[in-house]
Amino acid sequence: MSKSNLSFLFSLLLTLHLPTAFAIEYPLPTGESRVLGELTYHTVKKDEHFQSIAQHYNVGFLALMAANPGIDPLLPDPGTELVIPTQLILPYAKQEGILINLSELRLYFFDKKNNTVNVFPIGIGKIGQSTPLFTDKITEKRKNPNWFPTENKRAEHLAETGEVLPKMVKAGPDNPLGDYAMRIGYSVYLIHGTNQRFGIGMRASGGCIRMNPEDIEWLFNNTPIGTRVRVIDQPIKMTYVTPQKRMIEVHSPLTRNNGDKPELWPLPKNVEKFIGSDPKELEQVFQLIEKSNGLPVVLDSLEAP
């Protein structure tokens with residue numbers, strides 16, 4: 001999407017009321033299956049656009065675009081039926097604490113007491129400032145945090161705007177951290193809110209994890225100090241639903257800091273083992289990689305469930 005289109009979209013956000021976002025809570029699946037939820041469908045109304053629709057369903061902007069290729073995200077035709085990506089496969093990782101999967105721009109919060117998982121769209125580091133992969137824990141929580149931009153961020157801001165960014169931005173409407181922030185380990189990386197909804201479900205941050213204001217408030221209130229945080233990158237997710245039924249979900253891999261985009265073909269060893277050697281099924285997976293629409297698909301039919 002061009003910068004002019006992004007600017008136009010941002011101007012729409014300033015003039016249109018966006019519905020309040022809420023966490024999507026799923027019961028944890030039983031047995032071998034890791035499938036959550038069902039797909040939702042939405043008929044576009046007059047004056048709606050992808051950002052407002054994504055906000056209404058609390059899904060990511062890019063996830064909504066990927067699920068609906070060929071539809072103008074700024075001016076979708078009224079009456080168009082959209083697929084809302086509210087069905088997904090859990091990443092392959094330990095189900096505890098906070099799990100962030102960069103390729104799908106989602107954060108998972110596991111509540112073992114209630115046997116549920118809450119799923120949120122997130123903004124992550126942009127190209128050149130990618131969010132790293134690591135495992136740590138929440139070490140600090142701050143309400144109404146001040147922001148201390150790095151020297152690189154201050155230099156970037158000066159180059160882009162011609163304005164000098166102060167060494168500390170006090171809490172308030174001009175603070176990009178929003179109303180809540182949680183530190184991961186003793187790093188510079190935070191899970192925080194925002195003073196602008198634009199950028200949720202996109203690569204738009206300086207490396208931190210950005211969340212909708214309502215989402216970070218919920219997560220802040222439900223996350224104790226010491227909660228485990230794991231950041232992974234799994235563009236391909238798979239699961240057995242039954243011994244005879246398999247599903248796969250493919251996301252577009254993230255462009256690296258040097259501008260290179262990883263290839264998903266040939267398949268990683270674990271995916272290759274899951275698929276097997278049947279030429280028909282390998283062709284099906286190749287087609288899914290070409291589309292990378294982020295929707296779970298029954299492997300043997302290429303039809304959305």
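Which strands each supply at least two residues of the lining of the largest cavity? Keep that in mind as you start the tour; the model on your screen is a predicted one.

**Stop 1: the largest cavity**

Select β1 and β8, and you have the answer: each of them gives at least two residues to the lining of the largest cavity. The largest share comes from β8, with three residues. Now add N58, V59, P85, R106 and V119; of the 15 lining residues, these lie nearest the centre of the cavity. The space inside is about 110 Å³. If you colour the lining by class, you should find 10 nonpolar, three polar and two charged residues.

**Stop 2: the second largest cavity**

How many cavities of 30 Å³ or more are there? The count comes to two, so to speak of the other one, select Q51, A54, Q55, N58, V59, F61, P121, I200 and N212, which line the second largest cavity. About 40 Å³ of space lies in this cavity. Helix α2 makes the largest contribution to its lining, three residues. Colour by class here too: five lining residues are nonpolar, four are polar and none is charged.

**Stop 3: the largest nonpolar core**

Next, show L36, Y108 and V117. Within the largest nonpolar core, which has 25 residues, these three touch the most other members. To see where the core draws its residues from, select β1 (24-27), α2 (50-57), α3 (61-67), β4 (81-84), β7 (106-111) and β8 (116-121), the elements that give two or more residues to it. The largest share, four residues, comes from α2.

Zoom in on L36. What does L36 touch, leaving out residues up to four places away in sequence? Its partners are Y26, P27, P29, T86, Q87, L88, L90, Y108, V117 and V119. Apart from the largest core lies another one, of 23 residues; to find it, select L102, I122, I209 and L254, which are among its members.

**Stop 4: the second largest pocket**

For the last stop, select β16 (236-242) and α6 (269-275). Each supplies at least two residues of the lining of the second largest pocket, and the largest share, five residues, belongs to β16. This pocket has a volume of about 330 Å³. Show Q234, I236, M238, N270 and V271 as sticks: of the 15 residues in the lining, these lie nearest the pocket's centre. A final colouring by class gives nine nonpolar, three polar and three charged residues.

Note on methods: Residues are numbered from 1 along each chain as its sequence is written. This is a predicted model: local features need pLDDT of at least 70, side-chain atom pairs count only at pLDDT 80 or more; totals for chains, interfaces and linings use all residues. Side-chain values use heavy atoms; hydrogens and water are left out. A nonpolar core is a set of buried Ala, Val, Leu, Ile, Met, Phe, Trp, Tyr and Cys residues joined through side-chain atoms within 4.5 Å. Buried means under 20% relative accessible area, exposed over 50%, partly exposed in between (1.4 Å probe, protein chains only). Contact means heavy atoms within 4.5 Å. On a 1 Å grid over the protein atoms alone, a cavity is a set of points where a 1.4 Å probe fits but cannot get out, and a pocket is an open set with protein on both sides within 12 Å along at least five of seven lines; lining residues have an atom within 4 Å of a point. Grid points are joined across faces, edges and corners, and a volume is the space filled by probe spheres set on the points. Ala, Val, Leu, Ile, Met, Phe, Trp, Tyr, Cys and Pro count as nonpolar, Asp, Glu, Lys and Arg as charged, and the others, Gly among them, as polar.
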